[in-house]
Amino acid sequence: MPSNLQSMIGRLFGIEAKASRTAKLIAWTTGGQPVWTPRDLSALAREGFAKNAIVYRAVRMIAEAAASVPLFLFEGEREVDTHPLLTLLARPNPMQCGPDLLEAWYEHLMVAGNAYLEAVSVAGTVRELHALRPDRMKVVPGTDGWPEAYDYTAGGQTVRFEQDVGGGVRPILHMALFHPLNDHYGLSPLEPAATAVDLHNAAGAWNKALLDNSACPSGALVYSAKDGQLSPEQFDRLKTELEASFQGAKNAGRPLLLEGGLDWKAMAFSPKDMDFIAAKHVAAREVALALGVPPMLLGIPGDNTYSNYAEANRSFWRQTVLPLVNRTAKALSHWLAPGFAGTVSGAADAPALELRPDLDAVEALSTEREALWERVRRSDFLTINEKRAAVGYGALPGGDVIAGAAQQ
């Protein structure tokens, strides 16, 4: 049906059309078919996370820190202490506790740029949550350009999760980091840092090769006999003896016995040849930058002092961990709240449930918290409820008076 005719019919019958005009362009060639990821996630995980100490430690630091932040549940502005949703998050499945599930969620997001949670429902009630591997998941776009299903492939079998559940909890929660060139998948932080990761890995392989060869090409054997060169048999024999008796860490420092005509010339690396060490540190800094971890927290050489370390730790929490936690809390709230609507007050029109992180439990922000409390305490022009609101607490009956006046 032409769009102008459709809009005219909508105006006549009071039907409001909200579909995006560009959606059909995005999904024209992909409607109903899985869209494959444009990169090899296994290679990113293998070369980045599994073989690089900087990536491994940075991802673990982010995941462990983010998963350690407790989540509070609110119905409107009222905090809920006991609720089935809190029980579900504390024990999402028989194999994992809450922090285990969230750690896997954050690690998938940082390594792959995408993270998936599956909600297992029984009789319309969500009973379990499971983190799914991003490399096994494929998005199935609908005719409007948005995902209408997800295909998960494992063990040669594929399971399709339809996303239209009639207003309940969708079976899959997909969170992706921004990708300017992809409509369905996020951009892994390891992709912009891929060159730095390869350089860091190559520097490690170089150091390993040096150790295998007694730490450096310590010298050269010069043949100074009359004929000027070794016969092929002599060359092969000399090479075999050097490899068998003088290479490797177990033979380091072993004296070399020379026969007639052979002379030893010592060699050493120049400072320019040793620049790969500085290049390795530069690569490590680029990897840490891409993942959002201050280099000094990873032991990378630099201006490491106590004051700088404390400031770097606060920056790590404020700029990397807390934005990730806040985004996850909002995503979980939007995803799971429809399945638990009205379970607190029992009213159908009850305020929506919302998960919020408990920032008071973050030890790294204790100095900021102490400074806030001190500023609020000295603010004699604020009422009791205004002071409570400034530090994150709810209002009290009769608290709309100045603190000093209430004491009098």
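Which residue forms a salt bridge with Glu 75? In this predicted model, the partner is Arg 78, and the closest N and O atoms of the pair are 3.1 Å apart. The two residues sit in unlike surroundings: Glu 75 is buried, because its relative accessibility of 6% falls under the 20% cut-off, while Arg 78 is partly exposed, with a relative accessible area of 45%. This pair makes a friendly starting point for a walk through the charged side chains of the structure.

Side chains of opposite charge can pair when their charged atoms come close. A search of the whole structure finds twelve salt bridges, and a few of them are described here. Asp 135 is joined to Arg 133 by a salt bridge in which the closest N and O atoms are 2.6 Å apart. On the acidic side of this pair, Asp 135 is partly exposed at a relative accessible area of 27%; on the basic side, Arg 133 is also partly exposed, at 37% relative accessibility.

Another salt bridge is found within a helix. Here the side chains of Arg 314 and Glu 311 meet at 2.5 Å, N to O. Both residues belong to helix 10, which covers residues 306–336, and they are three residues apart, about one turn of the helix. Glu 311 is partly exposed, with a relative accessible area of 44%. Salt bridges can also join into a network, as they do for Arg 60, Glu 64, Glu 103 and Glu 107.

What is the nearest side chain of opposite charge to Lys 138, and how far away is it? Lys 138 is placed in strand 5, and it is buried yet has no salt bridge. The nearest side chain of opposite charge is that of Asp 135, 7.3 Å away. A salt bridge requires the nitrogen and the carboxyl oxygen to be within 4 Å, so the side chain of Asp 135, at 7.3 Å, does not serve as a salt-bridge partner for Lys 138. The backbone of Asp 135 offers another kind of contact: the side chain of Lys 138 reaches its backbone oxygen at 3.2 Å. Asp 135 thus appears twice in this account, with its side chain in a salt bridge to Arg 133 and its backbone oxygen in reach of Lys 138.

Some charged residues gather with others of like charge. Asp 144, Glu 148, Glu 162 and Asp 164 form a patch of negative charge on the surface. Two members of the patch can be placed in loops. Asp 164 lies in the loop between strand 7 (157–162) and strand 8 (172–176), and it is exposed because its relative accessible area of 71% is over the 50% cut-off. Asp 144 lies in the loop between strand 5 (137–141) and strand 6 (147–154), where it is partly exposed, with a relative accessible area of 38%. The side chain of Asp 144 also has a contact with the backbone, since one of its polar atoms lies 3.1 Å from the backbone nitrogen of Trp 146.

A contact between side chain and backbone is also found at His 179. This residue is located in the loop between strand 8 and helix 7 (194–212). Is His 179 buried or exposed? At 15% relative accessibility, it counts as buried. Its side chain reaches the backbone nitrogen of Leu 181 at 3.1 Å.

The loop between strand 3 (114–122) and strand 4 (125–132) holds Ala 123. Although Ala 123 is not a glycine, it has a positive phi of about 55 degrees. Ala 123 counts as exposed, at 79% relative accessibility.

Two further pairs show how residues separated along the chain are placed in space. Leu 41 lies in helix 3, residues 41–50, and is buried, with a relative accessible area of 9%. Leu 190 is 149 residues from Leu 41 along the chain, and their C-alpha atoms are separated by 10.0 Å. Pro 357, in turn, belongs to strand 11, residues 353–357, and counts as buried at 18% relative accessibility. Pro 357 and Val 325 are 32 residues apart in sequence, and the distance between them in space is 7.1 Å, C-alpha to C-alpha.

How values were computed
Residues are numbered from 1 along each chain as its sequence is written. This is a predicted model: local features need pLDDT of at least 70, side-chain atom pairs count only at pLDDT 80 or more; totals for chains, interfaces and linings use all residues. Side-chain values use heavy atoms; hydrogens and water are left out. Patches are made of residues with over 30% relative accessible area and no salt bridge: like charges are joined within 9 Å, nonpolar side chains (Val, Leu, Ile, Met, Phe, Trp, Tyr) within 5 Å. Accessible areas come from the Shrake-Rupley method with a 1.4 Å probe; for residues, only the protein chains shown count as cover. Lys and Arg count as positive and Asp and Glu as negative; His and the chain ends are not counted. The place of a charge is taken as NZ of Lys, CZ of Arg, CG of Asp or CD of Glu. Helices (H or I, at least four residues) and strands (E, at least two) are DSSP runs, numbered from the N terminus. Buried means under 20% relative accessible area, exposed over 50%, partly exposed in between (1.4 Å probe, protein chains only). A polar contact is a pair of N or O atoms within 3.5 Å; within protein, one must be able to donate a hydrogen and the other to accept it, and residues adjacent in sequence count only if both atoms are side-chain atoms.
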